[in-house]
Amino acid sequence: DVVNVKAQGVELYEIKSSMSYNTDYFKNLKYLTGLMPQQVLKSCVIYDGKEQRTTNLEGLINFRLLLKY
């Protein structure tokens, strides 16, 4: 949904309104990362759920905590 272009590369964000997590949320992020693996600095699903994974690639975060990520 969002591609943030930076001087060093890009950050990819998939935004979902769901409160539940689904592995399919990462499908587009994985596809884009596969097209340009050296350029992707961060990829993350932003949603309304409780589960979190604050890794640089394939992160998962609640939208209320996004600014802390």
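**N62.** I started with N62, which sits in strand 4, residues 59-62. The model is predicted, and I read every value below with that in mind. I asked whether N62 is buried or exposed. N62 counts as buried, because its relative accessibility is 8% and the cut-off for buried is under 20%.

Next I looked up what the side chain of N62 meets. A polar atom of that side chain lies 2.7 Å from the backbone nitrogen of R64. On the other side of the ledger, the backbone oxygen of D48 lies 3.4 Å from a polar atom of the N62 side chain. Leaving aside neighbours within four places in sequence, I found N62 in contact with Y47, D48 and G49. D48 therefore turns up in both lookups, as a contact of N62 and as the owner of a backbone oxygen 3.4 Å from a polar side-chain atom of N62, while N62 itself is buried at 8%.

**Chain overview.** I then stepped back to the whole chain. I counted one helix and four strands. Along the sequence the pattern reads β-β-α-β-β. The C-alpha atoms fill a box of roughly 30 × 25 × 20 Å along the principal axes.

How does the radius of gyration compare with that of a compact globule? For 69 residues a compact globule would come near 11 Å, and the chain has 11 Å, so the two agree. Buried residues make up 35% of the 69. I also checked contact range. Of the contacts with a separation of 6 or more, 41% join residues 24 or more positions apart. The chain exposes about 4,700 Å², and carbon and sulfur atoms supply 53% of that area.

**Nonpolar core.** Which residues make up the largest nonpolar core? I noted nine: V10, L12, Y25, F26, L29, V40, V45, Y47 and L60. Two elements give two or more residues to this core, strand 2 (10-15) and strand 3 (40-47). Strand 3 gives the most, with three residues. As background, nonpolar side chains tend to be buried together in soluble globular proteins.

Y47 links back to my first entry: Y47 is in this core and is also a contact of N62.

**L29 and L12.** I picked two core members to follow. L29 lies in helix 1, residues 27-35. L29 counts as buried because its relative accessibility is 2%. Outside its neighbours within four places, L29 is in contact with L12, Y13, E14, S43, C44 and V45. Of these, L12 and V45 are listed in the core as well.

L12 came next. Not counting residues up to four places away, L12 touches V2, V3, L29, L32, T33, M36, V40, K42, S43 and C44. L29 and V40 on that list are core members too.

I also took one distance from L29 to N62. They are 33 residues apart along the chain, and their C-alpha atoms are separated by 17 Å.

**Aromatic rings.** I searched for ring pairs and the count came to two. Y21 and Y25 form an edge-to-face pair, 6.5 Å centre to centre with 80° between the planes. For Y21 and F26 the centres are 6.0 Å apart and the planes stand at 70°, so this pair is edge-to-face as well. Together the ring pairs link Y21, Y25 and F26 into a cluster.

Which of the rings belong to buried residues? Y25 is buried at 13%. F26 is buried at 2%. Y21 is partly exposed at 27%. Y25 and F26 are on the core list. Y21 cannot be in that core, because a core takes buried residues and Y21 is partly exposed.

**Two loop residues.** Where is E58? I found E58 in the loop between strand 3 and strand 4. E58 has a positive phi of about 60° and is not a glycine. Most residues other than glycine have a negative phi, so I flagged this one. E58 is partly exposed, with a relative accessible area of 30%.

T23 is in the loop between strand 2 and helix 1. T23 counts as exposed because its relative accessibility is 54%. My last lookup was a distance from T23 to V40. The two are 17 residues apart in sequence and 20 Å apart in space, C-alpha to C-alpha.

Definitions and conventions:
Residues are numbered from 1 along each chain as its sequence is written. Side-chain values use heavy atoms; hydrogens and water are left out. Rings of Phe, Tyr and Trp (its six-membered ring) pair if their centres lie within 6.5 Å; planes under 30 degrees apart count as stacked, over 60 as edge-to-face and the rest as tilted. Buried means under 20% relative accessible area, exposed over 50%, partly exposed in between (1.4 Å probe, protein chains only). A nonpolar core is a set of buried Ala, Val, Leu, Ile, Met, Phe, Trp, Tyr and Cys residues joined through side-chain atoms within 4.5 Å. Contact means heavy atoms within 4.5 Å. The radius of gyration is taken over C-alpha atoms; the globule rule is 2.2 Å times the number of residues to the power 0.38. Accessible areas come from the Shrake-Rupley method with a 1.4 Å probe; for residues, only the protein chains shown count as cover. A polar contact is a pair of N or O atoms within 3.5 Å; within protein, one must be able to donate a hydrogen and the other to accept it, and residues adjacent in sequence count only if both atoms are side-chain atoms.
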